[in-house]
Amino acid sequence: MSFQQVCVLGSTGSIGVSTLDVIARHPDRMAVYALSAYSRMQKLAEQAMACAPKVVVVPDSAARERFVQAWSSSAPCAMPEVRVGAKALEETVADAQVTTVMAAIIGAAGMPAALAAARAGKRILLANKEALVAAGSLFIEVAKQGGAELLPIDSEHSAIFQCLDQHHKSVPGNPLANDVRRLIITASGGPFRQTPLLELPQVSPEQACAHPNWSMGRKISVDSATMLNKGLEVIEAYWLFSVPIEKIDVVVHPQSVIHSMVEYIDGSVMAQLGQPDMRTAIAYGLGFPERIDSGVGLLDLASMGRLDFEAPDLQRFPCLRLAFDALRSGQAACVSLNAANEIAVERFLNRQVSYTQIPQIIEHTLDRLQRCSDAALNSLDAILALDQDARRVAADFCR
Ligand code: NDP
Ligand code: MG
């Protein structure tokens, strides 16, 4: 791979910070071309002073003002060009100098820029799973037409990708060959795996965000607690690897050491193991097809002692069932599932609804919108319009 100029979308977030850490380890191979953030301008300015990007992208002129004020006169590099707004984000990922785009904006807000990177034929390191959940078919099609290279960053999908034979790795969304029997996605079960069911209505956002193994942003931490995250990952795998639903299984593995597995028709199961640190998947994406240092330490299996597995309990985790139902039902249901969940999680984090109301909000939204036709969802605008409808239905239900 030639020298990479990386555009890090969502650089102030958990994945963004880990990405900058890996890039900084390889000045001979890669550099940061652009950073983007939404609210944390002080942090963005600090990142830009450390990695000297050509461009930063911020959401509006007030954010630009805050970025400029946060820039220190003693910065070791020149202030980058500050671009403003969602369109600027789409234009920046398509800049000719950019080779690689880390798509790590959270939620459906990350879709337009990820699609723009696909259209522009870049190497896309896809952390933003929502782009595939809500717009899977469109995204894969655009990536194929644009000649983009799609490398999964979600740890489970990176694991599966690493376990696949070389011939599966060429084209985004290429159907897996018949020699793959199953994709086995592991799930930690989150902080409430063993909490008595009767206590779940009272759990707090702080408890939900205290993931036993991974340190992540708050939204995805809640999704891990409800296992809706695993549901989104099943949908993500469906599109990324073009497999029938019946070939995707979820197993709970509380230690999060095996990040996922591929079972072949000869009975061989290939697993990818490692510490729960996203820098491994990020380094694999940045270095592919080579392996590069990620800063992640040794995996000490002896001190770990054991690895456990159990089937997911769908009574405890109704969100996982809802996600499988949505995938069977079609794209409109997947758009609604994701949008309703974003509203439900936001309300839960603001203490406006309880933890156990999250699946109720999603189920209500799916019931209301499930008759929408998939055929109409052939453009990003149509998908975003349904996404907005679903947010309204979910928000009305929360009143
Ligand atoms: P964070 O919440 O930590 O970070 C989100 C980033 O997106 C921040 O840089 C934030 O900017 C920016 N952002 C938020 N809202 C908007 C918006 N409306 N428009 C533009 N930018 C916005 O999220 P994570 O890093 O945890 O997750 C990022 C993505 O990666 C998600 O799609 C998640 O599902 C996926 N992922 C994350 C994993 C993890 O370990 N964290 C694992 C696997 C997948 P600011 O902070 O300045 O407001
Ligand atoms: Mg994951």
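Colleague: What makes Asp154, Glu156 and Glu233 the residues that coordinate the magnesium ion (ligand 2)?

Modeller: In this predicted model, the magnesium ion (ligand 2) is coordinated through OD of Asp154 and through OE of Glu156 and Glu233, at 2.1 to 2.2 Å. A donor has to lie within 2.8 Å of this metal, so these oxygen atoms count as donors. Water is not among the atoms, so the site may look incomplete.

Colleague: What spacing do the donors of the magnesium ion (ligand 2) follow along the chain?

Modeller: The donors follow the spacing D-x1-E-x76-E. Glu156 in helix H7 (residues 155-163) and Glu233 in helix H10 (residues 228-240) are 77 residues apart, and the pair links distant parts of the chain.

Colleague: Which UniProt annotation covers Asp154, Glu156 and Glu233?

Modeller: The unreviewed UniProt entry covers these three residues with the annotation "binding site". Although they are spread over 80 residues of sequence, they cluster in space, with a largest C-alpha distance of 8.2 Å.

Colleague: Why is Asp154 called buried or exposed?

Modeller: The relative accessibility of Asp154 is 8%, and buried means under 20%, so Asp154 counts as buried. Asp154 lies in the loop between S7 and H7, and, leaving aside residues up to four places away in sequence, it touches Leu126, Lys129, Glu233, Glu236 and Met278.

Colleague: Why is the same word, buried, applied to Glu156?

Modeller: Glu156 has a relative accessible area of 8%, which is under 20%, so Glu156 is buried. Apart from residues up to four places away in sequence, Glu156 touches Ile185, Thr186, Lys230, Glu233, His259 and Ser260. For Glu233 the relative accessibility is 1%, again under 20%, so Glu233 counts as buried.

Colleague: What makes the 7 strands a sheet, and in which order do they stand?

Modeller: The 7 strands form an open sheet in the order S4-S3-S2-S1-S5-S6-S7, with parallel pairing. Strand S4 (81-84) and strand S7 (149-152) each have a single partner strand and stand at the edges, so one side of each is left without a neighbour in the sheet. From one strand to the next, the twist averages 25 degrees.

Colleague: How do you know that strand S2 pairs with strand S3?

Modeller: Two strands pair if at least two bridges are found between them, and S2 (residues 30-36) shares 3 bridges with S3 (residues 55-58), so the two count as paired, in the parallel sense. Strand S1 (residues 4-9) is joined to S2 by 6 bridges, also in parallel. Ala34 has Val55 as its bridge partner in S3, while Cys7 stands opposite Ala34 in S2.

Colleague: Why is S2 described as largely enclosed?

Modeller: Of the 7 residues of S2, 6 are buried, so the strand is largely enclosed by the rest of the structure.

Colleague: What does the domain assignment of the protein chain give?

Modeller: The assignment gives domain 1 as 4-152 and domain 2 as 154-189 + 227-277 + 284-312. The C-alpha centres of these domains lie 26 Å apart, and 26 residues of domain 1 are in contact with 23 residues of domain 2.

Colleague: Which residues does UniProt list for the N-terminal domain?

Modeller: The unreviewed UniProt entry lists residues 6-136 under "domain: 1-deoxy-D-xylulose 5-phosphate reductoisomerase N-terminal". That span is 43% helix and 21% strand, and its end C-alpha atoms lie 24 Å apart.

Notes: Residues are numbered from 1 along each chain as its sequence is written. Chains are lettered from A and ligands numbered from 1 in the order in which they are written. This is a predicted model: local features need pLDDT of at least 70, side-chain atom pairs count only at pLDDT 80 or more; totals for chains, interfaces and linings use all residues. Side-chain values use heavy atoms; hydrogens and water are left out. Helices (H or I, at least four residues) and strands (E, at least two) are DSSP runs, numbered from the N terminus. Axes are lines fitted to C-alpha atoms, for helices over the stretch in contact, and angles run from 0 to 180 degrees between N-to-C directions. Donors are N, O and S atoms within 2.8 Å of the metal (3.2 Å for Na, K and Ca); water is not among the atoms, so sites may look incomplete. Buried means under 20% relative accessible area, exposed over 50%, partly exposed in between (1.4 Å probe, protein chains only). UniProt positions are given in the numbering used here, feature names are shortened, and annotations may be inferred rather than shown by experiment. Domain bounds come from an automatic or database domain assignment. Contact means heavy atoms within 4.5 Å.
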